[in-house]
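This report introduces a protein structure to a reader who has not met it before. The sequence and the model are shown first, and a description follows.

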Amino acid sequence: MIDARPLNAQAIQADFPILARQIHGKPLIYLDSAATSQKPAPVIDAMDDYYRRYNANPHRGVYALSEEATAAYESARRRVASFINASSVKEVIFTRNTTEAINLVRYSWGRANIKAGDRILLTEMEHHSNLVPWQLLAQEVGARLEFLCIDDDGLLLLDGLERKLEGVKLLAITHQSNTLGTINPIKAIAAAARRAGALTLVDGAQAVPHMPVDVQDLGVDFYAFSGHKMCGPTGVGVLWARRALLEAMPPFLGGGDMIKRVKLTEASWNDLPWKFEAGTPSVAEGIGLGAAVDYLSQFGMDSVRAHERTLVDYAMEKLQEVTGITIYGPKDPELHGGAISFTLPNIHPHDLATLIDREGIAVRAGHHCTQPLMERLGVPATTRASFYLYNRPEEVDQLVTGIQKAQKVFA
Amino acid sequence: MSDDLYREQILEHYKNPHHFGELADADITQEGDNPLCGDVITLYLKLDDGRVGDVRFRGRGCAISQASASMLTDMIVGKPVQQLKVFPTRDLLDELGIQISPARMKCATLSVNTLRVALDGESQEED
């Protein structure tokens, strides 16, 4: 790791008002950041400031308030573009979340380019948000879905990738599995897809919050992520795509803001990125996302990744103290992002999550929106602990103690 | 209502469920599941002169869902089918005797909802 300064998670916790809360009389230990991250005060303040001081509809008014709102919203877009190293700010489309970004590609690019008999390649570890949209498109146009499988450590089986990519139109793949924590080698896979003539769409919902992401270096075509998992608010997400693709794509939603000229029976489209942003946008949320990017940037994403790698390494070792535990996902912490799924004999994940909630510990239990992956693992559900820059090794210790306490209840 | 979600009686039903297994000559076999949780149960009912003569269940899931199924089997055996078609969900929740959070309500009511489907009864609003 280069430029990775160690994080002071204790000091960082003080930036997050919610982490001062008590749950069932115990200090909150939040281990569900893969579902949604907590928000630091600068993000909450930026949104509050917008509503208190310069709330107005951007892109329209010629008065001062609207100009301020427009400037703040578009400044957030520039900071997001720089955060992922987009070559142009015009390539950054604000959406509602990752799901909407992927559906934008499905409706706009997909309907125009995927025909009957075409093949779309996915993986067994996709979140439903990068699976169901392609099922719907395939049913609509008569395309075929194919899948890259995983091994027992949750790593993609990439032998024969070139052959599997032959004739494929689109490869849609997650950067980091939300359930297993697996970090996929996107750069190499996208290069193979390019050689085969396929476009690559990446679900980056679990990657952008947790590691440096450079969309140009990755060599992908579409990249989607959400604001709320990266210290930002809900209601704003991003679709990044190559400019030439966006220029050629038909609009997604029609309405105000996405048009240039409208007559009664036809209209022409606004320039990028607004061509894909119909209606009044989530202004406060966009501004909040900009503040989240600033917040994360002060630490550097190399440092965030290094911090989580240390936590995962420690947690994988520490969890071995739990009798009978099965841990899923890669054993190599280099390939394992900040989410760990596990099961226990004789305690269902829901019972475990309920019991350790009594200790103030928030973990996720269920299928994590990856039902096909659960089937592949042969379990109905897992418990998942996921980490972020505000988590400390002591919290891993408390998680292990909490699990052992739950085991006594069920002994 | 006890605040202790995992009181002794529930754990006892979970570890040693009543009427657990299958009925080879069941008149009605009904599966039920919560796809969101992964809880599954199968109810086997043997009818006898308009009553539930015998019952078994198989299942997999959390303690709340499986203990509730075990308790339900105790409550329905020998009862008239017509009466069970309108079996009140509330009666099962009272038997569980704990505060069920909204997030766990589907677990607690899986068995009684499956019974209702099995007997072609009317659906009820859960509270």
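## Pairing of strand 17

In this predicted model, strand 14 of chain A, residues 339-343, runs antiparallel to strand 17 of chain A, and four bridges join the two. Within this pairing, A:Ser341 has A:Arg384 of strand 17 as its bridge partner.

Strand 17 of chain A also pairs with strand 16 of chain A, which spans residues 364-366. The sense is again antiparallel, with three bridges between strands 16 and 17. Here A:Gly366 is matched with A:Thr382 as its bridge partner in strand 17.

## Burial and side-chain direction

Strand 17 of chain A covers residues 382-386 and is mostly covered, with five of its five residues buried. In a regular strand, side chains alternate between the two faces of the sheet. In strand 17 of chain A, A:Thr382, A:Arg384 and A:Ser386 point one way, while A:Thr383 and A:Ala385 point the other way. All of these residues are buried, whichever way they point. The two bridge partners named above, A:Arg384 and A:Thr382, thus belong to the set that points one way.

## Two domains of chain A

Chain A is divided into two domains: domain 1 consists of 9-30 and 300-410, and domain 2 of 44-297. Their C-alpha centres are 28 Å apart. The contact between them involves 23 residues from domain 1 and 20 residues from domain 2.

On the domain 1 side of this contact, helix 11 (301-318), strand 14 and helix 13 (371-377) of chain A each supply at least two residues. Helix 11 of chain A gives the most to that side, with five residues. Sorted by class, the domain 1 side has ten nonpolar, seven polar and six charged residues. Strand 14 of chain A therefore has two roles in this description: four bridges join it to strand 17 of chain A, and it supplies at least two residues to the side of domain 1 that touches domain 2.

## Contact with chain B

Which chain does chain A touch, and with how many residues? Eleven residues of chain A are in contact with twelve residues of chain B. On the chain A side, helix 12 (349-357) and helix 14 (393-410) each supply at least two residues. The largest share of that side comes from helix 12 of chain A, which provides four residues. By class, the chain A side comprises five nonpolar residues, five polar residues and one charged residue.

Methods: Residues are numbered from 1 along each chain as its sequence is written. Chains are lettered from A and ligands numbered from 1 in the order in which they are written. This is a predicted model: local features need pLDDT of at least 70, side-chain atom pairs count only at pLDDT 80 or more; totals for chains, interfaces and linings use all residues. A residue is buried if 20 or more other C-beta atoms lie within 10 Å of its own, exposed if 12 or fewer, and partly exposed in between; C-beta atoms are placed from the backbone. Two strands pair if DSSP finds at least two bridges between them. Two residues are in contact if their C-beta atoms, placed from the backbone, lie within 7 Å. Ala, Val, Leu, Ile, Met, Phe, Trp, Tyr, Cys and Pro count as nonpolar, Asp, Glu, Lys and Arg as charged, and the others, Gly among them, as polar. Domain bounds come from an automatic or database domain assignment.
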